Amino acid sequence: MDYLEEAGLQQAALDYHAYPNPGKLSVVPTKPLRTQSDLALAYSPGVAAACHAVARAPHDAARYTARANLVAIVTNGTAVLGLGNIGPLAAKPVMEGKACLFKQFAGVDAFDLELDETDPDKLVDAIAMMEPTFGGINLEDIKAPECFYIERVLSERMRIPVFHDDQHGTAIVAAAAIRNGLRLVGKALAQATLVCSGAGAAAIACLDLLVALGLPRQNIVLLDSRGVVFEGRDAHMEPNKARYATGRAVRSLEEAAQGRDIFLGCSAAGLLSAAAVRALAPQPLILALANPEPEIRPEAVAAIRGDAIVATGRSDYPNQVNNVLCFPFLFRAALDVGATRITHAMKAACVDAIANLALQDVPAAISQLSAGRQMAFGRDYILPAPFDPRLLEWVAAAVAQAAMDDGVATRPIEDMNRYRQALRRLGGAA
Ligand SMILES: NC(=O)C1=CN([C@@H]2O[C@H](COP(=O)(O)OP(=O)(O)OC[C@H]3O[C@@H](n4cnc5c(N)ncnc54)[C@H](OP(=O)(O)O)[C@@H]3O)[C@@H](O)[C@H]2O)C=CC1
Ligand SMILES: CC(=O)C(=O)O
Ligand SMILES: [Mg+2]
């Protein structure tokens, strides 16, 4: 792949995945298992005590098994990053990566489950059957529009949180970035205008959240692979796109971009043309979120105009707008309180926490991790970096509180100060 060769990453990335053991994950026991007596506790006969306890009181599964800290990352490989429908097996490196991020950033254990199934109802059945195993379900890289149905039906059927990361994780982080970007250029969400390239899982969820947070729906123009989604277009429509159909007489990206404050890209590599960049309003926000190759590179924007704030989903540029800033921390909280679902207030709390953390001074120990980048609120630092250990406390505490306030916590936290301390220790920011 050109973009990997160009970054000098092709062979290094393959070696990283291959050595010293294939893949990025392993399963390790958490209890001593060295002697005959250990075996008598862990396995037969001692394990029967734990089985009886859980059979008598199912909520004790959170006490005697790893379930309450265990998330399933489920994909069918139909929309893997921006690589498209590469299937479940080829999706496995991404899912193993997500599991590593869960563990590294928030201490959450996760199994990656790549399912060879595209029928939405069969997927729903397969995932719903796994409720005894997991404390939460993270749906990943399942394409639109099926993903909307799958998540809705699962959320209705299951008593554990079901969260489609590409929808809501992306939306939460994009909303935080837009809030802070607009703050820097002195614009308000209620007056902002936005053009969105892509009308799939990530795009629709971003728009829904932005509208819920105050962006007027009529200020949005949406494009998919057939161009502008306009009122009366009958081909290639589905209800989630139709909700954003524009009445304006614009039919190309360049026309749609004219005077817009925000470009949001949740589509595919290289789609944002120089003409469209020029057409945007003064001091535009450009969120080019397609992975691994964005709709436009930051240096290409800089060559066209100098007043834009640019963000991508990538780790090798400033302003990383990527769902990694959300899902580990949001699930940490959801698992800790035994949430039965993820509510709007939990998502809104997550947006606030991520956005507000970026306004804080960054301790020297954290900025040392930034590869020499500016780490003070500004055009190249609109969001905290994923390695910022404060994210765990800021985001998880806020989300846990929102879950309790919303009445979806089956194990409410009694002492929030102690919980915050525990998060600080876990995040390494103590
Ligand atoms: N930075 C981040 O955190 C995240 C980034 N993403 C990125 O967003 C992109 C989309 O992911 P996701 O929503 O999950 O995938 P989906 O398959 O659900 O959606 C893809 C969307 O892109 C649209 N599209 C494809 N080609 C074009 C084109 N030429 N012009 C305009 N739109 C086009 C498709 O149009 P149509 O509806 O006509 O098929 C579809 O609406 C990927 O690149 C992914 O990496 C996703 C999640 C998180
Ligand atoms: C980041 C991510 O989840 C994606 O690009 O699909
Ligand atoms: Mg994804």
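This short talk covers the surroundings of two ligands and one strand-helix-strand unit.

Keep in mind that we are looking at a predicted model.

Let's start with ligand 1. How many residues surround ligand 1? There are 30. The closest are Gly82, Gly200, Ser225, Ala290 and Gly313. Three elements give two or more residues to this shell: helix H9, spanning 165–185, helix H10, spanning 201–212, and strand S6, spanning 220–224. H10 supplies the largest share, with three residues.

Now the chemistry of that shell. Nonpolar residues number 14. Twelve are polar, and four are charged.

Where does ligand 1 lie relative to the domains? Domain 1 covers 66–160, and domain 2 covers 168–312. Both give residues to the shell, so ligand 1 lies between them.

On to ligand 2. Its surroundings can be listed in full: Leu81, Asp141, Asp165, Asp166, Asn291, Gly313, Asn322 and Asn323. By class, one is nonpolar, four are polar and three are charged. Look again at Gly313. This residue is around ligand 2, and it is also among the closest to ligand 1.

Last, the strands. Strand S1 takes in residues 70–75, and strand S2 takes in residues 109–114. They run parallel, joined by six bridges. For one facing pair, find Ala72: it stands opposite Phe111 in S2. What do S1 and S2 make together with helix H6, residues 87–106? The answer is a β-α-β unit, and it is right-handed.

To recap: ligand 1 lies between domain 1 and domain 2, ligand 2 has three charged residues in its shell, and S1 pairs in parallel with S2.

Conventions. Residues numbered from 1 in each chain as written. Chains lettered and ligands numbered in written order. Predicted model: local features only at pLDDT ≥ 70, side-chain atom pairs only at ≥ 80, totals over all residues. Near = placed C-beta within 6 Å. Helix = DSSP H or I, 4+ residues; strand = E, 2+ residues; numbered from the N terminus. Nonpolar A, V, L, I, M, F, W, Y, C, P; charged D, E, K, R; others polar. Domains from an automatic or database assignment. Pairing = 2+ DSSP bridges. Right-handed = clockwise from strand over helix to strand, strands pointing away.
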